Amino acid sequence: MISAVQTSGRSSERSRFPLDAVDYRLAETPADREEIYRLRYRAYREEGAVAPNPSEMVHDRYDDMPNSWVFGVYFDGVLMSSLRITVASPEMPDCPSLDVFPDLIRPQLAEGKVLVDPTRFVADPDRETRFPELPYMTLRLAYVACEYFEADVGLASVRSEHQAFYRRVFLHKPISGPREYPGLIKPICLMAVDYPAMRDRVFERYPYFRSSFFERRKLFERSQQQPDSTVVTLPEFPFKNATIAPRS
């Protein structure tokens, strides 16, 4: 699910990008979550993707699942975009795309595959045109997640008009026709990529999609101490430990 981020042009396809200008923050506090939920609403309303609602926020049950991570992407301390990463496995299969495409995703899970499902990609409609690199830097999080969780498949639930961008940049292939997604006015299609087979080709074209082991751990290892100082014990996540060594 993508916002009105302009993804049709090639001008921002650069071989290098100053990553130190980007701050990826995991939304762990109620205030951080609310800011992102309101950003979703503004972005979706800008493109007519959702109906008006009194709260002026967009969120769902997947935001609170233990296999989901909600990120804000900040430039100079300003929230510019957001992306939710959900990681599905046979042990923890629930993910947003499963609700809409069960016939396509359940067989993958039955084969024991790990799927990274990035959803709720939105950008600030008042600022996005000033940062043509924003879609690339936001969706880079999906590639960081694929590397960390040793994903077999990277998914993308997108509208038909955005398929060309995902096909060109991430080498995704469409595997479904348009289907209705709960809460969204416009239908979405499912795309997928064989991550181990395609990752090096993508890295050759976009070297800044690479990530260090330290960055991956920083983004996806949750802290045990919650903002309200209540100590909780999180369930063990059902995936193998990440490795620094790239796959051959």
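1. A good place to start is the serine pair: the side chains of Ser 157 and Ser 97 make a polar contact at 2.6 Å. A polar contact here is a pair of N or O atoms within 3.5 Å; within protein, one must be able to donate a hydrogen and the other to accept it, and residues adjacent in sequence count only if both atoms are side-chain atoms. Ser 157 sits in strand β5, residues 153-158, and is buried, with a relative accessible area of 1%. Buried means under 20% relative accessible area, exposed over 50%, and partly exposed in between, with a 1.4 Å probe and protein chains only.

2. Before you read further, some ground rules. This is a predicted model, in which local features need pLDDT of at least 70 and side-chain atom pairs count only at pLDDT 80 or more, while totals for chains, interfaces and linings use all residues. Residues are numbered from 1 along each chain as its sequence is written, and side-chain values use heavy atoms, with hydrogens and water left out.

3. On the overall layout, the chain has seven helices and seven strands. Helices (H or I, at least four residues) and strands (E, at least two) are DSSP runs, numbered from the N terminus. Along the sequence they come in the pattern β-α-β-β-α-α-β-α-β-α-β-β-α-α. Of the 248 residues in the chain, 51% are buried. Contact means heavy atoms within 4.5 Å; among contacts in the chain between residues at least 6 apart in sequence, 75% join residues at least 24 apart.

4. Helix α5 deserves a look. Six of the eight residues of α5 (residues 163-170) are buried, so the helix is largely enclosed by the rest of the structure. The buried ones are Gln 163, Phe 165, Tyr 166, Arg 168, Val 169 and Phe 170. Their packing partners are β4 (115-123), α4 (134-148), β5, β6 (173-174), β7 (189-194) and α6 (195-205). Just after α5, Leu 171 has a positive phi of about 65°.

5. Compare that with helix α7, residues 213-220, where Glu 215, Arg 216, Leu 219 and Phe 220 are buried. Viewed down the axis of α7, these buried residues fall within an arc of 105°, so they line one face of the helix. The arc is that of the directions from the helix axis to the C-beta atoms. As background, an α-helix has 3.6 residues a turn, so residues three or four places apart point the same way. Phe 214 and Lys 218 are exposed, on the face of α7 turned away from its buried side. The buried residues of α7 pack against β1 (22-26), β2 (68-75), β3 (78-88) and α4.

6. Aromatics are worth your time: the structure holds 19 aromatic pairs. Rings of Phe, Tyr and Trp (its six-membered ring) pair if their centres lie within 6.5 Å; planes under 30 degrees apart count as stacked, over 60 as edge-to-face and the rest as tilted. The ring centres of Tyr 148 and Phe 149 are 4.8 Å apart and the planes stand at 90°, so the pair is edge-to-face. Phe 149 and Phe 220 have ring centres 5.4 Å apart and planes at 75°, so this pair is edge-to-face too. The second pair links distant parts of the chain, with Phe 149 in the loop between α4 and β5 and Phe 220 in helix α7, 71 residues apart. Both Phe 149 and Phe 220 are buried.

7. There is also one aromatic cluster whose members include Tyr 136, Phe 165, Tyr 166, Phe 170 and Tyr 195. Elsewhere, Arg 25 lies over the face of Tyr 74, at 3.9 Å from the ring centre. For that label, NZ of Lys or CZ of Arg must be within 6 Å of the ring centre and within 35 degrees of the ring normal.

8. Tyr 74 turns up again beside helix α1 (residues 30-46), which holds Glu 35. Leaving aside neighbours within four places in sequence, Glu 35 is in contact with Tyr 74 and Leu 79. At 38% relative accessibility, Glu 35 counts as partly exposed.

9. Lastly, the cysteines. A search of the whole structure finds zero disulfides, a disulfide being a pair of cysteine sulfur atoms within 2.5 Å. Cys 95 is buried at 0% relative accessible area, and Cys 146 is buried at 3%.
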